[in-house]
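Thanks for making room for me this morning. I would like to walk through one structure, beginning with a single residue and working outwards from there, so please have the view open in front of you.

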Amino acid sequence: MASVPVSRKPSRKLRLHVFGSKLHKWLALFVGVQALLWMGTGAIMSFLKIEKVRSEHVITRQAETLDPALPGPRWLGDRQNLVALTTKSVAGRAVVQIERSDGSKTLHDPATGQKLSPLSRVDARAIARRAWTGPETLIASEMLIETPVGTEFGGPFPAWQVTFGDEDTTRIYIDASSGAILAARSDTWRFFDFVWGLHIMDWTERDRINSWWLLVFGIGGTIIALSGFVLLANRFPKLRRKKVRRPPAGPSA
């Protein structure tokens, strides 16, 4: 009588291999969807021009000029190309800001019309102190700049760079003409900026999402993700084609 084969329990190594294979398969499906979306949308965004996305090719954002005959302060002499006359507070005192169509801004004393811009170092420190809301700290330094500072600030100029003595080395940039805070940067921002540059593959400017590097890798990644889904589908038992069993060949006549 033929002996009945005894079924053996799969070894731990085999069970671990099967478990790892299933885990890899389902994780690949879950993560692959997002990878496909990331690569595909990245490729699409690389094709689009940011100017067209912002409708800058069909819409002008240039401000309208005021009527020269419009009543204004008596001390205001040149009324041509005026865009706005604004009374605001700068470093705790009231000033009049004059903005012209060329984008220039100047601050003046409301009573006398004395020109107050570019702002002094004392004014820049006062603006910075009033803007600070974090833990108590001192101002480490201040500097008037007229050229871009790496990728963290590109204008307008002139501007005051005020550095605080906090642990994150926070720096703010103040428009020397209007007193407006243009940007705030820190070590955390610089780290994020570095990571963002790696993400969009722009290692110098950090703002170009239309580089050929990103486009090529985006298309390549999309192809890889799609091909991975095809390979993954072939690994699912239910999707495999059942093999047709042929009857054994009979003895030859």
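Let me start at Gln 97, which lies in strand S2, and let me say at once that we are looking at a predicted model. Is Gln 97 buried or exposed? Gln 97 counts as buried, because its relative accessibility is 8% and the cut-off for a buried residue is under 20%. Its side chain takes part in a polar contact of 2.6 Å with the side chain of Lys 88. If we set aside the neighbours within four places in sequence, Gln 97 touches Ala 84, Leu 85, Thr 86 and Lys 88, and also Lys 105, Thr 106, Leu 107 and Ser 178.

That last name, Ser 178, is where I would like to go next. Ser 178 sits in the loop between strand S6, residues 171-175, and strand S7, residues 181-185. Although Ser 178 belongs to a loop, it counts as buried, because its relative accessibility is 1%. Which residues does Ser 178 contact, leaving aside its neighbours within four places in sequence? They are Lys 88, Val 90, Gln 97, Lys 105 and Leu 107. Within its own stretch of chain, a polar atom of the Ser 178 side chain lies 3.4 Å from the backbone nitrogen of Ala 180. There is also a pairing across the sequence, since Ser 178 and Pro 118 are 60 residues apart along the chain, and yet their C-alpha atoms are separated by 7.9 Å.

From here I would like to step back to the whole chain. It has five helices and seven strands, and their order along the sequence reads α-α-β-β-β-α-β-β-β-β-α-α. Of its 253 residues, 26% are buried. If we take contacts between residues at least 6 apart in sequence, 37% of them join residues at least 24 apart. The accessible surface comes to about 18,900 Å², and carbon and sulfur atoms account for 61% of that.

One helix deserves a closer look, namely H3, which covers residues 121-131. Which residues of H3 are buried? They are Asp 123, Ala 124, Ala 126, Ile 127 and Ala 128. As a general point, an α-helix has 3.6 residues a turn, so residues three or four places apart point the same way. The cover over the buried residues of H3 includes strand S1 (82-90), strand S2 (93-100), strand S4 (139-145) and strand S5 (159-164), together with S6 and S7. So the list brings us back to S2, the strand that holds Gln 97, because S2 is included in the cover over the buried residues of H3.

Now for some details of the backbone, beginning with the loop between S4 and S5, where Pro 156 lies. The peptide bond that joins Gly 155 and Pro 156 is cis, with omega at about 5 degrees. Pro 158 is found in the loop between S4 and S5 as well, and the bond leading to it from Phe 157 is also cis, with omega near -5 degrees.

Two other residues have a positive phi without being glycine. For Asn 81, phi is near 60 degrees, and this residue is found in the loop between helix H2, residues 50-53, and S1. Asn 81 is partly exposed, with a relative accessible area of 46%. For Ala 91, phi is near 55 degrees, and its place is in the loop between S1 and S2. Ala 91 is partly exposed too, at a relative accessible area of 27%.

Finally, let me turn to the interior space. How many cavities of 30 Å³ or more does a search of the whole structure find? The search finds one, and its volume is about 40 Å³. Its lining is made up of Leu 66, Asp 67, Pro 68, Leu 70, Pro 71, Arg 79, Leu 82 and Leu 85, which divide into six nonpolar residues, no polar ones and two charged ones. Leu 85 may sound familiar, for it is one of the residues in contact with Gln 97, the residue where this tour began.

Terms used. Residues are numbered from 1 along each chain as its sequence is written. This is a predicted model: local features need pLDDT of at least 70, side-chain atom pairs count only at pLDDT 80 or more; totals for chains, interfaces and linings use all residues. Side-chain values use heavy atoms; hydrogens and water are left out. Helices (H or I, at least four residues) and strands (E, at least two) are DSSP runs, numbered from the N terminus. Buried means under 20% relative accessible area, exposed over 50%, partly exposed in between (1.4 Å probe, protein chains only). Contact means heavy atoms within 4.5 Å. Accessible areas come from the Shrake-Rupley method with a 1.4 Å probe; for residues, only the protein chains shown count as cover. A polar contact is a pair of N or O atoms within 3.5 Å; within protein, one must be able to donate a hydrogen and the other to accept it, and residues adjacent in sequence count only if both atoms are side-chain atoms. On a 1 Å grid over the protein atoms alone, a cavity is a set of points where a 1.4 Å probe fits but cannot get out, and a pocket is an open set with protein on both sides within 12 Å along at least five of seven lines; lining residues have an atom within 4 Å of a point. Grid points are joined across faces, edges and corners, and a volume is the space filled by probe spheres set on the points. Ala, Val, Leu, Ile, Met, Phe, Trp, Tyr, Cys and Pro count as nonpolar, Asp, Glu, Lys and Arg as charged, and the others, Gly among them, as polar.
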